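Subject: Structure for your review

Dear colleague,

Please find below the structure that I am handing over to you. My notes on the contacts within it follow.

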Amino acid sequence: MESRVLSRATTLSSLPRLNKLHREHLTNGASILSVKSIGSVSDGGNLVFGRQLRPELCSPALKKSGVLLRPCLAAADDSAGGEKVAPVGFFSKYPALTTGFFFFTWYFLNVIFNILNKKIYNYFPYPYFVSVIHLLVGVVYCLVSWTVGLPKRAPIDGNQLKLLIPVAVCHALGHVTSNVSFAAVAVSFTHTIKALEPFFNAAASQFILGQSIPITLWLSLAPVVLGVSLASLTELSFNWLGFISAMISNISFTYRSIYSKKAMTDMDSTNVYAYISIIALIVCIPPALIIEGPTLLKTGFADAIAKVGLVKFVSDLFWVGMFYHLYNQVATNTLERVAPLTHAVGNVLKRVFVIGFSIIIFGNKISTQTGIGTAIAIAGVALYSFIKAKIEEEKRQAKAA
């Protein structure tokens with residue numbers, strides 16, 4: 001589906017109700033209303049595939065009159081002497097239902113990915129190679145999508161490529177180290193450690209970007225650090241490789257966020273993620289060949305095929321790569337649809353879902369202290385996300401005023 005961008009030059013003539021209001025103001029001698037154009041993502045708008053999906057930003061006078069700007073196409077009907085508005089689509093007619101479906105799909109794909117990924121590591125413990133497969137399947141998916149025009153490939157120039165390369169390198173490093181951790185320890189423990197990511201984000205914003213972080217945000221991170229510490233001390237599957245790899249993943253994704261802010265482009269999220277996946281794949285291939293290549297050729301592939309068979313081995317690798325790409329793509333599209341607070345709540349609930357389902361599926365035994373520590377860490381992340389989202393929303397409202 002080719003991306004469609006809602007025009008910033010939405011005209012008064014394309015909105016019959018606005019025309020009526022406009023005429024009334026002219027009759028009463030009032031000044032003509034000036035409609036504020038809908039902002040970009042950075043201005044508080046929310047784009048999905050380059051399209052505005054929460055068009056609530058409009059003139060205060062229009063809000064008072066109960067008139068909201070909606071994404072529409074003006075279809076002039078000169079023969080009838082008037083104008084028609086294209087029928088409202090399902091997404092616009094049921095926004096809450098649509099957003100709920102996106103969240104459900106995101107969680108479902110994420111849970112399935114984590115479960116299948118861990119099952120593969122139980123008989124094929126080669127995280128570097130599996131990371132390459134994750135990205136490779138996603139890249140093939142993107143290339144096929146571009147070929148059929150769903151979506152249409154956005155052109156990229158040298159300047160955009162230079163901006164995306166640091167993002168992709170951090171994405172590749174974070175992805176590989178996450179998988180090393182998943183292979184070494186329980187899925188629930190890796191996600192508990194990754195709950196520390198907000199702490200690294202706050203530290204990077206304060207000490208690298210020079211942004212002032214409110215004391216309330218720092219205080220909200222104390223339960224996260226405490227919870228992860230408690231969970232780590234008594235985690236039955238603990239080992240240093242899994243712990244350190246998850247921590248490196250946190251740092252990598254923090255720098256990915258920093259570079260992402262500098263790499264704002266006019267491309268829609270689907271194309272941006274496709275280009276990042278391609279670059280990340282190129283980055284991941286050499287270390288996989290150097291670190292795991294010789295062992296894979298000698299015994300790795302043969303052992304895996306002997307345990308589960310060739311068909312299951314290949315199908316498992318294909319599906320884990322497909323679920324990885326789809327859950328990341330749907331996550332991006334979902335989070336762009338919603339307000340910052342909903343975004344924060346969604347991220348926290350996702351981690352709770354993954355930890356809970358991984359414990360149930362794999363029957364991982366956890367100590368009481370680990371369970372308490374995990375709960376404290378998740379609660380801390382929720383508190384941090386809530387405070388941070390409120391601060392961002394206040395900034396957005398102040399900027400829009």
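Asp316 and Lys312 both belong to helix α13 (residues 310-335) and are four residues apart, about one turn of the helix; helices here are DSSP runs of H or I with at least four residues, strands are E runs of at least two, and both are numbered from the N terminus. The two residues form a salt bridge in which the closest N and O atoms are 3.3 Å apart, the term meaning a side-chain nitrogen of Lys or Arg within 4 Å of a carboxyl oxygen of Asp or Glu. One salt bridge is what the structure holds. Side chains of opposite charge can pair when their charged atoms come close.

Before the remaining findings, the conventions should be stated. This is a predicted model, in which local features need pLDDT of at least 70 and side-chain atom pairs count only at pLDDT 80 or more, while totals for chains, interfaces and linings use all residues. Residues are numbered from 1 along each chain as its sequence is written, and side-chain values use heavy atoms, with hydrogens and water left out.

The partners in the salt bridge differ in their exposure class. Asp316 has a relative accessible area of 10% and is therefore buried, whereas Lys312, at 40%, counts as partly exposed; buried means under 20% relative accessible area, exposed over 50%, and partly exposed in between, with a 1.4 Å probe and protein chains only. Leaving aside residues up to four places away in sequence, Asp316 touches Leu116, Ile120 and Tyr123, contact being heavy atoms within 4.5 Å.

Ile120 also appears in the largest nonpolar core, which has 44 residues. Such a core is a set of buried Ala, Val, Leu, Ile, Met, Phe, Trp, Tyr and Cys residues joined through side-chain atoms within 4.5 Å. Trp106, Ile120, Phe124, Phe129 and Leu317 touch the most other members. Two or more residues come from each of α4, α5 (127-148), α6 (158-184), α11 (269-291), α12 (293-308) and α13, and α4 gives the most, with 11 residues. A second, separate core of 23 residues includes Val185, Leu221, Phe243 and Tyr384.

With residues up to four places away in sequence not counted, Phe129 touches Phe124, Ala288, Glu292, Leu296, Phe301 and Leu317. Ring pairs also link Phe129 into a cluster with Tyr123, Phe124, Tyr126, Phe301 and Phe313.

The count of aromatic pairs comes to 22; rings of Phe, Tyr and Trp (its six-membered ring) pair if their centres lie within 6.5 Å, with planes under 30 degrees apart counted as stacked, over 60 as edge-to-face and the rest as tilted. One of these pairs, Phe103 and Tyr107, is edge-to-face, at 6.1 Å centre to centre and 75° between the planes. Both residues lie in helix α4 (residues 95-123), four residues apart, and both are buried. Phe124 and Tyr126 form a tilted pair, with 4.9 Å centre to centre and 55° between the planes; Phe124 and Tyr126 are likewise buried.

On the surface, Phe207, Ile208, Leu209, Ile251, Tyr255 and Tyr259 make a nonpolar patch of about 550 Å². Patches consist of residues with over 30% relative accessible area and no salt bridge, like charges being joined within 9 Å and nonpolar side chains (Val, Leu, Ile, Met, Phe, Trp, Tyr) within 5 Å. Helix α10 (residues 240-262) gives the most to the patch, with three residues. Phe207, found in helix α8 (residues 197-207), counts as exposed at 68% relative accessibility.

Yours faithfully

Technical notes:
Areas by Shrake-Rupley, 256 points an atom, 1.4 Å probe, with all protein chains shown as cover.
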